[in-house]
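Colleague: I'm new to this one, so could you pick the packed inside and take me through it closely? After that, I'd like to hear how the rest fits around it.

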Amino acid sequence: SGHPRMIRLGEKRFLHEDQERFAALSSDRNPMHMDPVAARRLLTGRQVVHGIHVFLCAMDLWAAARGAPVASVGCTFANPVSVGDVVRFTEVEADPGTVALEASVDGLACARITLRFAPDEAGGPAAGSATVIGMDALAQPVEAAPETHVGKTYRLTVPVDAAARAFPAASSVLGAEAVAAAASLSYCVGMVCPGLHSIFSSFELSTRRGPGTAALDLTVRRFDPRVSLFDIVFDGAARGGIKAFQRPAPLAQPSMAEIAGHVDAQTFAGSVSLVIGASRGLGELTAKLLASGGARTVITYASGREDAERIAAEIRGSGRGSCVARRFDVIGETADALADILGEVTSVYFFATPRIYRKKIGVFDPALFDEFAAFYIGRFHALCLALEAAAAERKVRVYF
């Protein structure tokens, strides 16, 4: 027919419970995977599924359906999988002597896996540093300058027995040590290097078929500051290499102390300002500017309660203006939820936003356009109608 060969292996919807189970296996508890509030600041806007979890689920499905012993495997992560996504796993056309697997969401490829069956004749990773640093059981991800990692060798204990139980079919074709080593690669990238602000790009892994070991040594060979890319090699329970990016840290807005010197304390005195969507970003900055000028501010949040409460507390503690935080979901609630404040406000600032990044193949997605229109036009219009009714003859400035 001329069409590429494709064999469907199965589907899986990744839920928060899956995140917890894989975190228990790998010990990778990076907030991008585990904390829905922290994940709001990512491009995806939602928790990201561990890339290695996607890889191991693909291997488990393929091994159960068509498995044969695998000598080496490579995996490239092209797009993040978010919690709640349904991932379709397929075997796709590949070069002779290899098998290729693909994990996709709504037709968008998220990971591509290449399986090789001939023994890898290449030499092992370059020798590590003389000093080996044990990095097991970190409670929080490392947040360090990239240069501090270069040249260091980190030793991890790999969870062989737990990996065999969690992914029995994958263990039958890769070996439990290699599956456990893969889980530890997730821990390395998410918790050690790059650590807190990390993106797993790709890995190559060769299995060992001799006497097993429950240790993995990872040496950070280099960091390329031009593209923020780490090159890491590993040896032990399996051997191979990792490519991982250090992503920029979320932008921190200026503090009240920094802002105070730029705004006269009486500029907004007597005003009452409602800032919708102020738990981060421009909404947070606007609330601080208004309060620094003496405004009484009410800030709203949809999911970032702790962030909003922190901002409100910082404003109250500054001695400039006042602030209270309230939950308000632009889509899930009507403006009636703000009725008590709408009758008093002199200005409203609309910074609420839905999750912007979505997985899509085409340039234009009509359903996504309709969703954005409902949020930015429909709900904003409803807010203005409620505000007009509450304000009566008062003039209210609205910033959109």
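**A look at the core**

Modeller: The largest nonpolar core has 70 residues, and the ones touching the most other members are Phe55, Met59, Trp62, Phe203 and Ile242. Helix 7 (residues 176-192) gives the largest share of this core, 13 residues. There is also a second, separate core of 19 residues, with Ile276, Val330, Val345 and Val348 among them.

Some ground rules. This is a predicted model, with residues numbered from 1 along each chain as its sequence is written. Local features need pLDDT of at least 70 and side-chain atom pairs count only at pLDDT 80 or more, while totals for chains, interfaces and linings use all residues, and side-chain values use heavy atoms, with hydrogens and water left out.

Now the words. A nonpolar core is a set of buried Ala, Val, Leu, Ile, Met, Phe, Trp, Tyr and Cys residues joined through side-chain atoms within 4.5 Å. Buried is under 20% relative accessible area, exposed is over 50%, and partly exposed is in between, with a 1.4 Å probe and protein chains only. Helices (H or I, at least four residues) and strands (E, at least two) are DSSP runs, numbered from the N terminus.

Back to helix 7: 16 of its 17 residues are buried, so the rest of the structure largely encloses it. From first C-alpha to last, helix 7 reaches 23 Å, close to the 24 Å expected at 1.5 Å a residue (the expected span is 1.5 Å times one less than the number of residues).

Helix 4 (residues 51-66) should span 22 Å for its 16 residues, and its end C-alpha atoms are indeed 22 Å apart. Helix 4 is mostly covered too, with 12 of its 16 residues buried. Among those buried residues are Phe55, Met59 and Trp62, which you met above as well-connected core members.

Let's zoom in on tryptophan 62. Leaving aside neighbours within four places in sequence, its contacts (heavy atoms within 4.5 Å) include Leu9, Val70, Leu101, Phe117 and Val173. Glu91 is also on that list.

For another buried spot, try methionine 34 in helix 2 (residues 31-34). Methionine 34 counts as buried because its relative accessibility is 11%. Its C-alpha atom is separated by 9.7 Å from that of histidine 50, 16 residues apart along the chain. Not counting residues up to four places away in sequence, methionine 34 touches His50, Gln47 and Arg29, among others.

What about strands? Strands pair if DSSP finds at least two bridges between them. Strand 7 (residues 153-157) has three bridges to strand 6 (residues 132-134), running parallel. Strand 7 also has five bridges to strand 9 (residues 215-224), running antiparallel. In the latter pair, tyrosine 154 is partnered with leucine 218.

Elsewhere, five strands form an open sheet in the order 14-13-12-15-16, with parallel pairing. Strand 14 (322-327) and strand 16 (397-399) are its edges, each pairing on one side only.

Zooming out, the protein has 12 helices and 16 strands. Of its 400 residues, 47% count as buried. Among contacts between residues at least 6 apart in sequence, 70% join residues at least 24 apart. The C-alpha atoms fill a box of roughly 80 × 55 × 35 Å, taken along the principal axes.
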